[in-house]
Amino acid sequence: MGDILIVDDERDIRELISDILKDEGFTTRLAGTSDEAMAEMNKEPPSLMILDIWLKDSRMDGIDILKAVKRDNPDVPIIIISGHGNIEIAVAAIKQGAYDFIEKPFNIDQLMVVITRAMETSRLRRENADLRRKDVITADMVGSSPAYRTLKSQLDKVTKSNGRVMLTGASGAGKEIAARYIHVNSDRADGPFVSVNSASIEPDRMEEVLFGREGAGRGVEPGLLEQAHGGVIFFDEIADMPLGTQSKILRVLTDQQFQRVGGGDKVRVDLRVISSTTRNLEDEVDAGTFRQELFHRLNVVPIDVPSLADRREDIPELATHFIENFNKVQGLPLRALTEEAIAMLQTMKWPGNVRQLKNVIERVLILGSEKGDIAASEVPGETQSEETDEGRVVLSGGLASLPLREARELFEREYLLTQINRFGGNISRTAGFVGMERSALHRKLKSLNVVTSSRSGARVATVLDEETSEDA
C-alpha cells in the first residue's frame with residue numbers, strides 16, 4: 001500500500017504506530033533522531049512521513065526536518081504529532097507544508113483517517129502532474145525506412161533499462177525526439193523529462209543552473225538536476241559542458257547526490273541520464289576538452305541517429321506529419337503534396353536535417369495558398385532548375401563548359417545517385433521511376449562506377465573511386 005517513515009524519539013510510540021500500520025498493510029521505517037530521519041530520506045523518499053515535533057538528542061527539531069524534506073521532496077506528505085501541542089505549533093507546521101497536525105495522545109482511528117486522506121491527496125496530485133506533463137511532452141517518431149527501423153529497434157531495446165544512452169548524429173537529426181521516445185516508453189514515463197542545452201548556458205552559470213542555489217535572503221532555488229528527480233535528464237550537446245562542471249556531474253553519476261551552490265546539505269536525486277553530441281567525443285578526450293571517465297560513464301549505450309540524407313524515403317511521411325501538426329497546432333492549411341513536390345523534397349540537400357524540413361514545410365504553409373496541393377514550385381531549394389520563359393532549363397556554368405560526352409556522363413551519374421538515394425538504395429524502385437529495365441540500370445551504374453553500400457541501416461549510393469576500381 002505504501003512506505004511510511006515514522007520519526008519519534010520515544011521508541012515505544014514509534015513501534016506502536018509501526019505495528020498498527022503494518023496490520024493495515026503498510027510497510028514502515030523507523031527513526032529516533034533527526035540524523036536517522038534524514039538518512040532514511042536520502043536512501044529513498046517514503047510515501048508518507050509521521051514526524052514528532054520534539055526530538056531529544058537531535059541537531060534538528062521536527063520543524064527543521066519538515067523544512068528540509070519539503071525543500072527536497074515536496075511531494076512527500078508529512079503528518080506532525082506532538083505531546084506539547086498548541087495552536088502556534090500547528091499553524092507553524094501547516095505553513096511549512098505539513099498535511100495535518102495531531103496531538104498526543106492520539107486516537108488510532110483518527111490517525112488512520114488522516115493517513116488515508118494524506119496518501120490519497122498525494123496520489124491525486126501526482127496523477128494531475130503526470131497528465132499535465134504528458135500534454136506537453138511529445139515524442140513522435142515518424143518513418144518507415146531501413147535507417148529509421150534500425151534506430152527505432154535500438155531505442156526500443158533501451159527503454160526498459162536504466163542504462164545511460166549517448167545519442168550521436170548531425171544537428172537537427174532528431175536526437176532530442178529520440179531521447180523523449182526513450183523516456184515516454186520507459187518505466188520513468190511518469191517522471192519529468194528535463195532537457196539541458198549545454199551550448200546555450202553561460203559557462204559561469206552552468207553549476208547554478210544544474211545544481212541550484214541556496215543562501216541567506218534567497219531561499220532555495222532548485223536546479224535542473226532536482227527538477228529531473230525520478231525521471232530523465234537529457235544533456236544536449238554534452239561536449240559544450242565546461243570541464244569543471246564535468247567533474248561535478250561525474251560525482252553526481254557516482255553518488256546520486258550533490259550540494260547546491262552556497263548550500264551545505266546533500267541533495268539526493270534519482271536520475272536516468274541521456275546525452276547527445278554532434279562531435280566525436282573520443283577526439284574531444286584526446287584534445288583534453290572532455291573527461292575520459294565521464295565519457296565512459298555516459299557512453300554505456302551509444303546510438304547513432306541518422307541524418308535525413310540517410311533516410312530520404314521518410315521525407316514524404318515526415319512532411320505529411322508536419323503538415324498535419326501545423327494544421328492542428330497553428331491552424332495552417334491542411335494541404336497535400338504533389339508527386340513533383342515530394343520528388344523535390346527528396347532530392348534536396350538537407351544540412352539542417354529533420355529540423356530544416358520542418359521549417360521548410362512551415363514556410364510553405366504560411367506563404368503559400370490556402371487551398372490545393374503543394375506544387376514543386378512552392379518548395380524553396382537549391383535543386384530547383386531555373387527555367388526560361390520558353391520552358392528551357394538553364395545549365396550551370398560548369399556543366400555548360402564540358403564536352404557533350406563528359407556533360408552527359410556527369411549528369412547521368414548525379415541523376416542516378418540522387419534517385420537511388422531518394423529510394424533508399426532500392427534499385428527496383430529506381431528503375432521503375434527512371435524508366436529503365438533493372439538489368440539495364442545495373443549495367444549503367446557499373447559503367448558510371450556507382451555502387452551501393454550499407455550506412456546507418458540503409459543502402460546508400462556512392463561513386464567508386466577510380467583507382468580502387470582499377471586495383472580491384
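Helix H13 passes helix H15 in a right-handed crossing. In this predicted model, H13 spans residues 315-330 and H15 spans residues 353-367, and their axes come within 10 Å and cross at roughly 55°. The two helices are therefore oblique to each other. On the H13 side, the contact is formed by Ile315, Leu318, Ala319, Phe322, Ile323, Phe326 and Gln330, which meet Val354, Leu357, Lys358, Ile361, Glu362 and Leu365 in H15. Sorted by class, the residues of this contact comprise 10 nonpolar, one polar and two charged.

A second helix pair is formed by H6 (residues 146-158) and H7 (residues 175-184), which pack at an angle of about 40° with their axes 9 Å apart. This angle makes H6 oblique to H7. The crossing of H6 and H7 is likewise right-handed. Lys152, Leu155, Asp156 and Val158 are the residues of H6 that meet H7, where Ala178, Tyr181 and Ile182 take part. The contact of H6 with H7 contains five nonpolar and two charged residues, and no polar residue.

These helices belong to a protein chain that holds 20 helices and 16 strands. The chain has 472 residues, of which 44% count as buried. Among contacts in the chain with a separation of 6 or more, 69% are made by residues 24 or more positions apart.

Turning to the strands, one open sheet consists of five strands in the order S2-S1-S3-S4-S5, with parallel pairing. Strand S2 (27-31) and strand S5 (100-103) each have a single partner strand, so they stand at the edges and one side of each is left without a neighbour in the sheet. From one strand to the next, the twist averages 20°. Strand S1 (residues 3-7) runs parallel to S2 and is joined to S2 by five bridges. Within this pair, Leu5 stands opposite Arg29 in S2.

Two helices lie across strands of this sheet. Helix H1 (residues 11-23) lies across S1, S2, strand S3 (48-52) and strand S4 (78-82), and runs at about 170° to S2. Helix H3 (residues 62-72) lies across S3 and S4, running at about 160° to S3.

Another open sheet of five strands, also with parallel pairing, follows the order S7-S10-S13-S6-S14. Its edge strands are S7 (193-197) and S14 (301-304), each of which pairs on one side only. On average, neighbouring strands of this sheet are turned by 20° against each other, direction ignored. Strand S6 (residues 165-168) and strand S13 (residues 272-277) run parallel and are joined by four bridges. Here Leu167 stands opposite Ser276 in S13.

A single loop residue was also examined. Phe423 is placed in the loop between helix H17 (404-422) and helix H18 (427-434). The relative accessible area of Phe423 is 7%, and because burial is defined as a value under 20%, Phe423 is buried. Leaving aside neighbours within four places in sequence, Phe423 is in contact with Glu313, Arg429, Thr430 and Phe433. Arg459 lies 36 residues from Phe423 along the chain, and the C-alpha atoms of these two residues are separated by 9.1 Å.

Key:
Residues numbered from 1 in each chain as written. Predicted model: local features only at pLDDT ≥ 70, side-chain atom pairs only at ≥ 80, totals over all residues. Heavy atoms only, no water. Axes fitted to C-alpha atoms, helices over the stretch in contact; angles between N-to-C directions. Parallel < 35°, antiparallel > 145°, perpendicular 65-115°, else oblique. Left-handed = near helix turned anticlockwise from the far one by under 90°. Contact = heavy atoms within 4.5 Å. Nonpolar A, V, L, I, M, F, W, Y, C, P; charged D, E, K, R; others polar. Pairing = 2+ DSSP bridges. Buried < 20%, exposed > 50% of the residue type's maximum accessible area, 1.4 Å probe, protein only.
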